[in-house]
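The following note sets out points for a colleague to consider when reading this model. Each point can be checked against the sequence and coordinates shown here.

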Amino acid sequence: MAGVYASKSPIGRLLITVLLTCVAFSALADEPLQGEDRAAVRDVIDGQIQAFRVDDHQSAYSFAAPSVREAFPTEEMFITMVRNQYQPLYRPVSYTFGRSSLDDDEVLQELLVT
């Protein structure tokens, strides 16, 4: 299991934001994310991972936050970075959603990747 991804580098944090749509990995807050909000976050994450799996780079890139698109202004730059630095997310054997919560205006979603 690759476990939970966390990065202290700005690029690493930016990528996690991209991949998980404003989702970060850290100690989860006390306010659990529930119902439609939780489902929507998981749908975005699942959609991007599914796009990676079938090499649908356009769809995968469409999930990127504006700040990520600014840092990686082309699909090719984005996909190259993901392939090189986050291979387990690009080609996971499996993944499972863990805990999720809302901390201020930031969604926190734990993702376990094999």
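**Notes on the predicted model**

1. On the other side of helix α2, away from its buried residues, Gly35, Glu36 and Asp43 are exposed. The buried residues of α2 are Val41, Ile45, Gln48, Ile49, Ala51 and Phe52. Viewed down the helix axis, these buried residues fall within an arc of 165°, so they line one face of α2. The general geometry is familiar: an α-helix has 3.6 residues a turn, so residues three or four places apart point the same way.

2. The length of α2 can be checked in the same way. The helix covers residues 35–53, and at 1.5 Å a residue its 19 residues should span 27 Å; the C-alpha atoms at its ends are 27 Å apart, which agrees.

3. The model is predicted, and its confidence should be considered before any local detail. The mean pLDDT of the protein is 80, with 74% of the residues at 70 or more. Confidence is highest in helix α3 (residues 57–62), at a mean of 96, and lowest in strand β1 (residues 23–24), at a mean of 42. Over residues 10–15 the pLDDT is below 50, and this stretch has 14 contacts in the model beyond near neighbours in sequence. Residues 21–28 also have a pLDDT below 50; for this stretch the model shows 34 contacts beyond near neighbours in sequence. Where pLDDT is low, the predicted coordinates should not be read in detail.

4. As to overall organisation, the secondary structure comprises six helices and three strands. From the N terminus on, the order of elements is α-β-α-α-α-α-α-β-β. Of the contacts with a separation of 6 or more, 63% are between residues 24 or more positions apart. Buried residues make up 39% of the 114 residues. The protein exposes about 6,400 Å², and carbon and sulfur atoms supply 50% of that area.

5. The backbone just after α2 deserves a separate remark. Asp55 lies in the loop between α2 and α3. This residue has a positive phi of about 55° although it is not a glycine. At 40% relative accessibility, Asp55 counts as partly exposed, since the partly exposed class lies between 20% and 50%.

6. Which residues does Tyr61 contact, leaving aside its neighbours within four places in sequence? They are Arg69, Phe72, Pro73, Thr74, Glu75 and Phe78. Tyr61 is found in helix α3 and is buried, with a relative accessible area of 7%, below the 20% cut-off for burial. The side chain of Tyr61 reaches the backbone oxygen of Pro73 at 3.4 Å. The C-alpha atoms of Tyr61 and Thr74 are separated by 8.5 Å, with the two residues 13 apart along the chain.

7. Ser62 is also found in helix α3. With a relative accessible area of 45%, Ser62 is partly exposed. Its C-alpha atom lies 8.4 Å from that of Gln48, a residue 14 positions away in sequence. Gln48 is itself among the buried residues of α2.

8. Helix α5 (residues 75–85) also has a buried side. Its buried residues are Phe78, Ile79, Met81 and Val82. They cover an arc of only 160° around the axis, which puts them on the same side of α5. The face turned away from that buried side carries the exposed residues Glu76 and Asn84. Phe78, one of the buried residues of α5, is also among the contacts of Tyr61.

9. Is Glu110 buried or exposed? At 16% relative accessibility, Glu110 counts as buried, because the threshold for burial is under 20%. The residue is placed in strand β3 (residues 106–113). Its side chain makes a polar contact with the side chain of Arg99, at 2.8 Å.

10. Leu111 is likewise found in strand β3. With a relative accessible area of 1%, Leu111 is buried. Leu111 and Arg99 are twelve residues apart in sequence, and their C-alpha atoms are 8.1 Å apart in space. Arg99 is thus a point of reference for both strand residues discussed here: its side chain is in polar contact with that of Glu110, and its C-alpha distance to Leu111 is 8.1 Å.

Key
Residues numbered from 1 in each chain as written. Heavy atoms only, no water. pLDDT = per-residue confidence, 0-100. Helix = DSSP H or I, 4+ residues; strand = E, 2+ residues; numbered from the N terminus. Contact = heavy atoms within 4.5 Å. Buried < 20%, exposed > 50% of the residue type's maximum accessible area, 1.4 Å probe, protein only. Polar contact = N/O pair within 3.5 Å; in protein donor to acceptor, adjacent residues only side chain to side chain. Areas by Shrake-Rupley, 256 points an atom, 1.4 Å probe, with all protein chains shown as cover. Expected span 1.5 Å × (residues − 1). Arc of directions from axis to C-beta.
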